[in-house]
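Good morning, and thank you for coming. I would like to walk you through a structure that is new to this group, and I ask you to keep it in view as I speak.

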Protein chains: 2
Amino acid sequence: MESKVMSIGVVCELTGLTERQIRYYEERKLVFPERTKGGNRRYSFEDVESIQEIHRKMQEGFNTFELKELKKKQRCTPIFR
Amino acid sequence: MESKVMSIGVVCELTGLTERQIRYYEERKLVFPERTKGGNRRYSFEDVESIQEIHRKMQEGFNTFELKELKKKQRCTPIFR
DNA sequence: CGTGTAAGGAATTCTGACACG
DNA sequence: CGTGTAAGGAATTCTGACACG
C-alpha cells in the first residue's frame, strides 16, 4: 500500500519510535510523507517499512548521511539484479 | 489491509462522504472503527470498502436497518458459495 | 549527530443537540 | 431516516528552539 493515510501517531504505534525520531528522518530527507491542507503529515505503509529499515540500519551504526548514500545506490543498481 | 490506521478525515477523502455520514453508519452498527486512547476513530482499508458498499446500497434505496439485515445474512451464507 | 523536552499555536476530531422532513 | 450545522471542548500534530554531547 502506497497511499498516504496514516498520521504520525499511528506510525509511532506501528514502529515503536517517537514522533521526534520520525520527523528527524524526514528532516534528513530519508522519508517523504504527504501533507494535509492543514500541514499534518500522512504516511503510507511503505513509509512505515522504510522507517523501520532506517531505524535498523542506524542501530547497526549507520548515520543518516550514509543512509542517504545507500538510497542513492539502491536507485541506480536495480538494473543489475 | 485490516489494520485500523486511518482517521475519519482520510476516510472522507477516500470515499467522498462527510464525517456525519460515516459516523452515522457507525451509530447504526454498520461500521466498527477502533478508538485511540483519546477517543479518536481509526479505520482500516476494509472499513473504507465497507463504507463505500453501504453508501452504494443506500443509493439503491436500502435503509440502514435493511443493510444490517443484509449483513446478518451474509454472515450465515458463505458456506453455500 | 540523534533525540528529549517544554511552549504556544493550529488543525483535527469528538459529542450532543437542534433542524428538516 | 439520513444528513447538515453551530457549539464547545479535547486529542493530535506542528514548528522552532534549547539541551546534551
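Which atom of DNA strand C is 3.3 Å from an N or O atom in the side chain of Arg28(A)? It is a phosphate oxygen. Please bear in mind throughout that this is a predicted model.

Let me stay with DNA strand C. There are 22 residues around this strand, and those that come nearest are Thr18(A), Tyr24(A), Thr64(A), Ser7(B) and Arg41(B). Of the atoms of DNA strand C that come within 4 Å of the protein, sugar and phosphate account for 75%. Besides Arg28(A), two further residues of chain A can be named here. Tyr24(A) has a polar side-chain atom 2.7 Å from a phosphate oxygen of the strand, and Thr36(A) places a polar side-chain atom 2.9 Å from a phosphate oxygen of DNA strand C.

Which elements supply this surface? At least two residues each come from helix H2 (19-27) of chain A, and from helix H1 (8-15) and helix H2 (19-27) of chain B. H2(A) gives the most, with 4 residues. By class, the surface near DNA strand C holds 4 nonpolar, 11 polar and 7 charged residues.

I turn now to DNA strand D. Around this strand there are 22 residues, of which Ser7(A), Arg41(A), Thr18(B), Tyr24(B) and Thr64(B) come nearest. Sugar or phosphate makes up 76% of the atoms of DNA strand D within 4 Å of the protein, and the rest belong to bases. On the phosphate side, an N or O atom in the side chain of Arg35(A) is 3.0 Å from a phosphate oxygen of DNA strand D. Thr64(B) has a polar side-chain atom 2.6 Å from a phosphate oxygen of that strand. A base is also reached: a polar side-chain atom of Arg20(B) lies 2.9 Å from a base oxygen of DNA strand D.

For this strand, H1 and H2 of chain A and H2 of chain B each supply at least two residues of the nearby surface. The largest share, 4 residues, comes from H2(B). The surface near DNA strand D divides into 4 nonpolar, 11 polar and 7 charged residues.

How are the two protein chains related? A turn of 180 degrees, with a shift of 0.0 Å along the axis, lays chain B on chain A with an RMSD of 0.0 Å. That is the relation of a two-fold axis. Among the residues of chain B, Met6(B) comes closest to the rotation axis, its C-alpha being at 2.8 Å. Of the interface residues of chain B, 100% are also interface residues in chain A, so the copies meet through the same surface.

Met6 brings us to the interior. The largest nonpolar core has 34 residues, and Met6(A) and Met6(B) are those with the most contacts inside it. Helices H1 (8-15), H2 and H3 (45-59) of chain A, together with H1, H2 and H3 (45-59) of chain B, each give two or more residues to this core. In soluble globular proteins, nonpolar side chains tend to be buried together. Beyond its neighbours up to four places away in sequence, Met6(B) touches residues including Val5(A), Val11(B), Leu14(B), Phe45(B) and Val48(B).

H1(A) deserves a closer look. Its buried residues are Ile8(A), Val10(A), Val11(A), Cys12(A) and Thr15(A). What covers them includes H2, strand E2 (41-42) and H3 of chain A, and also strand E2 (41-42) of chain B. After H1(A) comes Gly16(A), whose phi is positive, near 80 degrees.

Finally, is the charged residue Asp47(A) buried or exposed? Asp47(A) is found in helix H3 of chain A. Its relative accessibility is 9%, below the 20% cut-off, and Asp47(A) therefore counts as buried. A polar atom of its side chain lies 2.9 Å from the backbone nitrogen of Ser44(A). Outside the four places on either side in sequence, Asp47(A) is in contact with Lys4(A), Val31(A), Phe32(A), Pro33(A) and Arg42(A).

Its partner, Ser44(A), lies in the loop between E2 and H3 of chain A. Ser44(A) is buried as well, with a relative accessible area of 2%. Leaving out residues up to four places away in sequence, Ser44(A) touches Met1(A), Glu2(A), Ser3(A), Lys4(A) and Met6(A).

Note on methods:
Residues are numbered from 1 along each chain as its sequence is written. Chains are lettered from A and ligands numbered from 1 in the order in which they are written. This is a predicted model: local features need pLDDT of at least 70, side-chain atom pairs count only at pLDDT 80 or more; totals for chains, interfaces and linings use all residues. Side-chain values use heavy atoms; hydrogens and water are left out. A residue is near a molecule or strand if one of its heavy atoms lies within 4 Å of it. A polar contact is a pair of N or O atoms within 3.5 Å; within protein, one must be able to donate a hydrogen and the other to accept it, and residues adjacent in sequence count only if both atoms are side-chain atoms. Ala, Val, Leu, Ile, Met, Phe, Trp, Tyr, Cys and Pro count as nonpolar, Asp, Glu, Lys and Arg as charged, and the others, Gly among them, as polar. Copies are superposed by least squares on the C-alpha atoms of residues with pLDDT of at least 70 in both. Contact means heavy atoms within 4.5 Å. A nonpolar core is a set of buried Ala, Val, Leu, Ile, Met, Phe, Trp, Tyr and Cys residues joined through side-chain atoms within 4.5 Å. Buried means under 20% relative accessible area, exposed over 50%, partly exposed in between (1.4 Å probe, protein chains only).
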